[in-house]
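Let's walk through this fold together, starting in the middle of the sheet and working outwards. Keep the model open as you read.

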Amino acid sequence: MRYDIMINLDYEAYPYEQVKQLFRELQQAMQEAGFVMDGRLFSIDLPPDKAQALARNVISQIDERYQQQGQSIYPLFRECFGFEPEHTANLLLPPTEDINVEELTAIEGIEIFEIKR
């Protein structure tokens with residue numbers, strides 16, 4: 001089961017280079033933990049509870065390093081959330097109710113479908 005984590009940092013309120021550096025650290029640590037980058041998402045094949053715990057752990061470890069310097073990374077976060085991709089809608093595609101699937105003449109061993117709008 002794939003699970004996605006979206007991390008949006010606050011590039012508007014904080015210096016660009018500072019936020020960019022933090023994102024690089026997050027990206028490296030998330031990938032080392034087993035997440036893969038999928039566009040702007042960190043994706044992993046784990047159940048939601050395990051993926052969330054892993055992401056929280058990665059973020060917490062980075063924050064602990066910053067805390068040693070008297071700083072925290074959390075103010076630089078605008079949002080950080082996780083979700084199952086099957087619960088998302090691609091708004092660049094037509095609404096699913098506008099897509100009709102009809103069975104056409106079958107070729108032996110292969111089902112053929114035509115997608116109509």
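**Around the central strand**

Start with E1 and strand E3 (residues 41-45), which pair in the antiparallel sense over five bridges. One place to look is Tyr3, which stands opposite Ile44 in E3. Bear in mind as you go that this is a predicted model.

Now turn to strand E4 (residues 77-83), which is joined to E1 by six bridges, and here too the two strands run antiparallel. Two pairs are handy for finding the register: Met6 has Phe81 of E4 as its bridge partner, and Asn8 stands opposite Glu79, again in E4. As a reminder, strands of a sheet pair through backbone hydrogen bonds, either parallel or antiparallel.

How enclosed is strand E1 (residues 2-9)? Seven of its eight residues are buried, so the rest of the structure largely encloses this strand.

Zoom out a little and you get the whole sheet. It's an open one of four strands, in the order E2-E3-E1-E4, with antiparallel pairing. Strand E2 (36-38) and E4 are the edge strands, each pairing on one side only. Neighbouring strands in this sheet are turned against each other by 25° on average, if you ignore direction.

**Bringing in the helices**

Next, look at what sits on that sheet. H1 packs on it and touches E1, E2, E3 and E4, with a direction that makes about 165° with that of E1. H2 packs on the sheet as well, touching E1, E3 and E4, and its direction makes about 30° with that of E1.

So much for helix against sheet; how do the helices meet each other? The axes of helix H1 (residues 16-32) and helix H2 (residues 48-67) come within 10 Å and cross at roughly 135°. H1 and H2 are therefore oblique to each other, and their crossing is right-handed. On the H1 side, the contact is made by Leu22, Glu25, Leu26, Ala29 and Met30, while H2 brings Ala55, Val58, Ile59, Ile62, Arg65 and Tyr66. Sort the residues of this contact by character and you find nine nonpolar, no polar and two charged.

**A closer look at Ile44**

Let's go back to a residue we've already passed. Ile44 is found in strand E3, and with a relative accessibility of 8% it counts as buried, because the cut-off for that is under 20%. Which residues does Ile44 touch, leaving out those up to four places away in sequence? The answer is Met1, Arg2, Tyr3, Ala33, Gly34, Phe35, Ala51 and Leu54. Tyr3 in that list is the residue we saw opposite Ile44 earlier on. Ile5 is worth finding too: 39 residues separate it from Ile44 along the chain, yet their C-alpha atoms are separated by 8.6 Å.

**The whole chain**

Finally, step right back. The secondary structure of the protein comes to two helices and six strands, and reading along the sequence gives the pattern β-α-β-β-α-β-β-β. Of the 117 residues in the protein, 28% are buried. As for how the chain folds back on itself, take the contacts with a separation of 6 or more: residues 24 or more positions apart account for 57% of them.

Definitions and conventions
Residues are numbered from 1 along each chain as its sequence is written. This is a predicted model: local features need pLDDT of at least 70, side-chain atom pairs count only at pLDDT 80 or more; totals for chains, interfaces and linings use all residues. Side-chain values use heavy atoms; hydrogens and water are left out. Buried means under 20% relative accessible area, exposed over 50%, partly exposed in between (1.4 Å probe, protein chains only). Two strands pair if DSSP finds at least two bridges between them. Axes are lines fitted to C-alpha atoms, for helices over the stretch in contact, and angles run from 0 to 180 degrees between N-to-C directions. Angles under 35 degrees count as roughly parallel, over 145 as roughly antiparallel, 65 to 115 as roughly perpendicular and the rest as oblique. A crossing is left-handed if the near helix is turned anticlockwise from the far one by less than a right angle, and right-handed if clockwise. Contact means heavy atoms within 4.5 Å. Ala, Val, Leu, Ile, Met, Phe, Trp, Tyr, Cys and Pro count as nonpolar, Asp, Glu, Lys and Arg as charged, and the others, Gly among them, as polar.
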